[in-house]
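This briefing introduces the structure shown below. It begins with one term and then goes through the sheets, the helices and the ligand by topic.

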Amino acid sequence: MSLLTASNLSKVYEPDTIFTGVSAEIPQKARIALVGPNGAGKTSLVKLFIGEEKPNTGQIHIARGTTISYLPQRPELIGGHSVWDEQMRAFEHLHEMEIEMADLATKMGDSPEAVERYGYLQEHYERQGGYNFEARVRMILSGVGFSENEYQTPLTKLSGGQKTRAVLARLLLETPDLLILDEPTNHLDIDSQEILQAVIENFGGTVLLVSHDRYLIDALATQIWAIRADDGMEVYEGTYQEYIALRKQRETQISEVSNGNTRKKSAQYAQKVRGMNPFQLKKRVEELEQHITKLESQLEALTSQIEAASSLGAADKILSLGAQYTKTESALETAIAEWSELAEYI
Ligand SMILES: Nc1ncnc2c1ncn2[C@@H]1O[C@H](COP(=O)(O)OP(=O)(O)OP(=O)(O)O)[C@@H](O)[C@H]1O
Ligand SMILES: [Mg+2]
């Protein structure tokens, strides 16, 4: 069963259409990475899901009873309350229950309804961790890297990364069915990034993660949503590495098709140059051979650059090098095609 189903969504911020025709589902336990260039509409899409914005077309269906917790791209924390008090916000519903239970306790002597209601509340209070929430808060705060002497620090005194971790802890305490994180690693140092990765892995629920962070996506995502700058969104069920491999394969297929066309052109060209004198033909073949050698060594250099970028996890670099590789490879195939046509005549 899906927690959320979106069909044919579009979002317009006049005069710009940010995206159209976005359809996707969030299956239970999925860990989805929402990727795409800056300004493609990732945050806008997430805001539709949490109901902060309305779509211009399309529908979003959220399974009944699904709870969603959301870490905004720039968590705004107002007020000088402490790290600990921020966590207490996750238990506001428990405090409300405590107040009602205290009131009912005074009426239980002569009201069977009060007894019944008290029993009902007590069961829920217990099930939602009412009797052991402090222990859970400590566990989660330590899990996101806070030591006990930081519990009373006002949020206003925290760094960007610490704020993100404090909010993340509160969201985890809410034990949502769906956790939506919009670029959570933006302000995090390396240690905090590792903590974040472990925290998401241990969360065990369904996660929608907006990120540019290749490491995090590689480590966590079971599904990729790639929102395009021009239009639409591609849903790929698999890891990021598999998705990148598929894209590369597609690019190669496209370049093979265009090479097919080029080959035809080369053949026509060869027909024409049959009129060339043998010296001109030989010169062209030599030129092509030099060009082919150059392209081959460029491909070799690109391969080692891609390997280096992969080991650094530099996603943008890998993508741009990958594009260069495809272009160079296609230029090489074109050159070889022309060479093999002309070489026959010398
Ligand atoms: N409330 C708004 N009013 C007008 N335009 C908006 C509003 N919110 C977003 N936009 C515009 O919509 C486009 C998409 O923005 P959005 O923040 O969704 O992109 P994004 O993919 O999250 O980008 P980034 O990777 O930089 O976070 C941008 O051009 C942005 O300026
Ligand atoms: Mg964004």
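A residue is called buried if 20 or more other C-beta atoms lie within 10 Å of its own, and exposed if 12 or fewer do. By that rule Ala315, Glu333, Thr334, Ala335, Ala337, Glu338 and Leu342 are buried in helix 11. The model is a predicted one. Two open sheets are described here, one of 3 strands and one of 6 strands, and helix 1 lies across strands of each.

**The sheet of 3 strands**

- The strand order in this open sheet is 2-1-4, and the pairing is antiparallel.
- Strand 2 (16-27) and strand 4 (57-62) are the edge strands, each pairing on one side only.
- From one strand to the next, the twist averages 15°.
- Strand 1 (residues 2-13) pairs with strand 2 over 8 bridges, in the antiparallel sense.
- Within strand 2, phenylalanine 19 is the residue that stands opposite lysine 11.

**Proline 27**

- Strand 2 also holds proline 27.
- Proline 27 has 15 C-beta neighbours inside 10 Å and therefore counts as partly exposed.
- Proline 27 and alanine 314 are 287 residues apart along the chain, and 29 Å separates their C-alpha atoms.

**The sheet of 6 strands**

- This open sheet has the order 5-6-7-3-8-9, with mixed pairing.
- Strand 5 (68-71) and strand 9 (233-236) are at the edges; each has a single partner strand, so one side of each has no neighbour in the sheet.
- Here the twist averages 15° from one strand to the next.
- Strand 3 (residues 31-35) pairs with strand 8 (residues 223-227) in the parallel sense, over 4 bridges.
- Leucine 34 has tryptophan 225 as its bridge partner in strand 8.

**Helix 1**

- Helix 1 (residues 42-49) lies across strand 1, strand 2 and strand 4, and runs at about 125° to strand 1.
- Helix 1 also lies across strand 3, strand 6 (178-182), strand 7 (206-210) and strand 8, at about 150° to strand 6.
- Of the 8 residues of helix 1, 6 are buried, so the helix is largely enclosed by the rest of the structure.
- Those buried residues are Lys42, Leu45, Val46, Lys47, Leu48 and Phe49.
- Glycine 51, which follows helix 1, has a positive phi, near 80°.

**The shell around ligand 1**

- Around ligand 1 are the residues Tyr13, Ile18, Gly36, Asn38, Gly39, Ala40, Gly41, Lys42, Thr43, Ser44 and Gln73.
- The shell divides into 3 nonpolar, 7 polar and 1 charged residues.
- Helix 1 gives the most to this shell, with 3 residues.

**Helix 6**

- Helix 6 (residues 160-173) has 14 residues and should span 20 Å at 1.5 Å a residue, which agrees with the 20 Å between its end C-alpha atoms.
- Because 13 of its 14 residues are buried, helix 6 is largely enclosed by the rest of the structure.
- Threonine 175 follows helix 6, and its phi is positive, near 35°.

**Helix 11**

- Helix 11 (residues 315-343) has 29 residues, for which 1.5 Å a residue gives an expected span of 42 Å; its end C-alpha atoms are 41 Å apart, which agrees.
- Among the buried residues of helix 11 are Ala315 and Leu342.

Conventions:
Residues are numbered from 1 along each chain as its sequence is written. Chains are lettered from A and ligands numbered from 1 in the order in which they are written. This is a predicted model: local features need pLDDT of at least 70, side-chain atom pairs count only at pLDDT 80 or more; totals for chains, interfaces and linings use all residues. Two strands pair if DSSP finds at least two bridges between them. Axes are lines fitted to C-alpha atoms, for helices over the stretch in contact, and angles run from 0 to 180 degrees between N-to-C directions. Two residues are in contact if their C-beta atoms, placed from the backbone, lie within 7 Å. A residue is near a molecule or strand if its C-beta atom, placed from the backbone, lies within 6 Å of it. Ala, Val, Leu, Ile, Met, Phe, Trp, Tyr, Cys and Pro count as nonpolar, Asp, Glu, Lys and Arg as charged, and the others, Gly among them, as polar. The expected span of a helix is 1.5 Å times one less than its number of residues.
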